[in-house]
There are 2 protein chains.
Amino acid sequence: MMAVDAAVATAGIRRGPGRPRDEDIDGQIIAATLALIDADEDLTVSRIVARGGVSRAALYRRWPSLTALVAAALDVGRTVPPPVDAEGDLREAIVGSLLGDTAAATSGYSEARFRHRIRLVMADRTLQKAYWSSHVSRRRMPVEAALRRGMEGGILRGDLDAEACFDAIAGTVYYQLVVRGDFFDEPATRARVAAAVDVIWRGMLA
Amino acid sequence: MMAVDAAVATAGIRRGPGRPRDEDIDGQIIAATLALIDADEDLTVSRIVARGGVSRAALYRRWPSLTALVAAALDVGRTVPPPVDAEGDLREAIVGSLLGDTAAATSGYSEARFRHRIRLVMADRTLQKAYWSSHVSRRRMPVEAALRRGMEGGILRGDLDAEACFDAIAGTVYYQLVVRGDFFDEPATRARVAAAVDVIWRGMLA
């Protein structure tokens with residue numbers, strides 16, 4: 001027991017190569033948050049720091065609030081898509097980027113986490129708005145920029161609301177998962193989304 | 001105490017005009033279910049019958065399962081819209097029916113219940129599928145029938161997938177509430193939905 005205490009005391013004052021790197025602590029906090037989310041447990045700072053083996057101060061140095069931390073954890077594994085290549089087929093590039101990103105978010109293992117994310121944001125509008133501002137809206141930017149280039153280039157109608165067009169396509173996908181309860185990778189679901197995208201794209205053309 | 005027990009016993013064996021009517025028991029069970037939903041408590045048959053002051057047998061005589069009961073409770077206040085009047089402006093009739101029904105489901109007092117419904121169905125795909133089959137899909141029928149009449153009458157393209165068109169419009173509305181976290185009756189939200197409906201309708205026209 002004394003040996004353990006001494007080791008802890010030594011570790012506490014040690015500096016240099018043995019000190020946990022910042023990114024390790026980031027990862028421990030995010031992993032602890034996701035473990036609680038996946039286990040469907042209440043999300044509190046106390047539970048997260050206990051599970052992650054870190055201090056409250058370490059958590060609050062990295063995230064200003066529990067809400068910001070949960071939003072970041074929900075976004076793990078997702079990235080802002082690269083700029084849409086507008087040289088080739090604009091429709092294929094835009095729809096491919098938009099649906100590819102949605103598919104990445106909702107298929108396979110992460111489908112359970114997608115459903116959990118919706119539950120969490122519907123229970124907490126502050127979290128919903130934080131997640132929207134810091135993550136979803138940033139991920140939409142490459143596609144919205146490509147839509148605006150299509151409008152300027154005369155392929156798409158100049159009076160389109162690019163955000164509304166994005167919402168129509170992404171909303172069709174969300175409807176499958178949130179209202180119908182279907183899986184995105186079922187053939188019938190894909191066929192229905194493709195039919196809706198046909199209609200929406202036709203309505204966007206100049 | 002004895003007097004109360006005697007009164008309960010008398011009520012239990014009483015038959016005739018004093019017996020609670022079936023619709024009263026229906027209402028008590030639904031009200032108890034909604035009270036638990038609104039209080040964010042776990043939904044179990046035991047809690048519902050305790051709160052509603054009814055027997056388990058009375059509950060199961062009316063609903064085959066807890067899932068079917070919760071789906072029915074979530075649908076309280078909503079009805080299948082009347083047939084869409086296709087004599088006048090088809091777009092106005094279809095979009096008005098579709099958005100009017102969505103607005104009824106998501107505005108004012110029932111917005112909290114809308115958010116709660118999404119949480120419940122995202123936590124339980126069996127409930128989600130039950131709610132879809134017994135309620136949502138039936139409510140869509142008048143609009144889908146009007147879309148098909150528009151296709152047969154040559155106003156809309158004959159090769160449309162009416163279900164996919166419905167999903168695109170309704171999905172745009174869901175996206176506002178489920179992803180953006182906006183209120184349906186905010187002017188900016190309405191403007192965005194109107195812009196998306198413009199695009200979708202244009203893409204549907206023959």
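**Exercise 1. In this predicted model, find what joins Arg192(B) and Asp167(A), and state whether each residue is buried or exposed.**

Step 1. Look at the charged ends. Arg192(B) forms a salt bridge with Asp167(A). The closest N and O atoms are 3.6 Å apart. The cut-off for a salt bridge is 4 Å, so the pair qualifies.

Step 2. Place both residues. Arg192(B) sits in helix α10 (residues 187-204) of chain B. Asp167(A) belongs to helix α9 of chain A, so the pair joins two chains.

Step 3. Check accessibility. Buried means under 20% relative accessible area. Arg192(B) has 12%, so Arg192(B) is buried. Asp167(A) has 0% and is buried too.

**Exercise 2. Turn to Asp167(B): which residue does Asp167(B) pair with in a salt bridge?**

Step 1. The partner is Arg140(B), with the closest N and O atoms 2.7 Å apart.

Step 2. Locate the pair. Asp167(B) is in helix α9 (residues 162-180) of chain B, and Arg140(B) is in helix α8 of chain B. They are 27 residues apart, so the pair links distant parts of the chain.

Step 3. Both Asp167(B) and Arg140(B) are buried.

Step 4. Now look for shared partners. Salt bridges of this kind join Lys129(A), Arg140(A), Glu144(A), Glu163(A), Asp167(A), Arg180(B), Asp182(B) and Arg192(B) into one network.

**Exercise 3. Describe the interface of chain A and chain B.**

Step 1. Start with area. The two chains bury about 3900 Å² between them. Carbon and sulfur atoms carry 57% of it.

Step 2. Count residues. Chain A gives 45 residues to the contact, and chain B gives 45 residues.

Step 3. Count the polar links. There are ten salt bridges between the chains. One of them pairs Glu111(B) with Arg125(A), the closest N and O atoms being 2.8 Å apart. Across the interface, 28 residue pairs are in polar contact.

Step 4. Find the elements on the side of chain A. Those giving two or more residues are α7 (110-123), α8 (125-152), α9 (162-180) and α10 (187-204). α9(A) gives the most, with 16 residues.

Step 5. Sort that side by class. It has 24 nonpolar, six polar and 15 charged residues.

**Exercise 4. Decide whether Thr33(A) is buried or exposed, and list its surroundings.**

Step 1. Thr33(A) lies in helix α2 (residues 22-38) of chain A.

Step 2. Its relative accessibility is 0%, so Thr33(A) counts as buried.

Step 3. A polar atom of the Thr33(A) side chain lies 2.8 Å from the backbone oxygen of Ile29(A).

Step 4. Set aside neighbours within four places in sequence. Thr33(A) is then in contact with Leu43(A), Ile48(A), Leu69(A), Val70(A) and Ala73(A).

**Exercise 5. Do the same for Arg149(B): is Arg149(B) buried or partly exposed?**

Step 1. Arg149(B) is found in helix α8 (residues 125-152) of chain B.

Step 2. Its relative accessibility is 38%, so Arg149(B) counts as partly exposed.

Step 3. The Arg149(B) side chain reaches the backbone oxygen of Val84(B) at 2.9 Å. Beyond neighbours within four places in sequence, Arg149(B) is in contact with Val84(B) and Ala86(B).

**Exercise 6. Which residues touch the most other members of the largest nonpolar core?**

Step 1. This core has 128 residues, and Met204(A) and Met204(B) touch the most other members.

Step 2. List the contacts of Met204(A), leaving aside neighbours within four places in sequence. They are Leu147(A), Leu156(A), Arg157(A), Leu160(A), Cys165(A) and Val199(B).

Technical notes:
Residues numbered from 1 in each chain as written. Chains lettered and ligands numbered in written order. Predicted model: local features only at pLDDT ≥ 70, side-chain atom pairs only at ≥ 80, totals over all residues. Heavy atoms only, no water. Helix = DSSP H or I, 4+ residues; strand = E, 2+ residues; numbered from the N terminus. Buried < 20%, exposed > 50% of the residue type's maximum accessible area, 1.4 Å probe, protein only. Polar contact = N/O pair within 3.5 Å; in protein donor to acceptor, adjacent residues only side chain to side chain. Contact = heavy atoms within 4.5 Å. Buried area = accessible area lost by both parts, 1.4 Å probe. Salt bridge = Lys/Arg side-chain N within 4 Å of Asp/Glu carboxyl O. Nonpolar A, V, L, I, M, F, W, Y, C, P; charged D, E, K, R; others polar. Core = buried A, V, L, I, M, F, W, Y, C linked by side-chain atoms within 4.5 Å.
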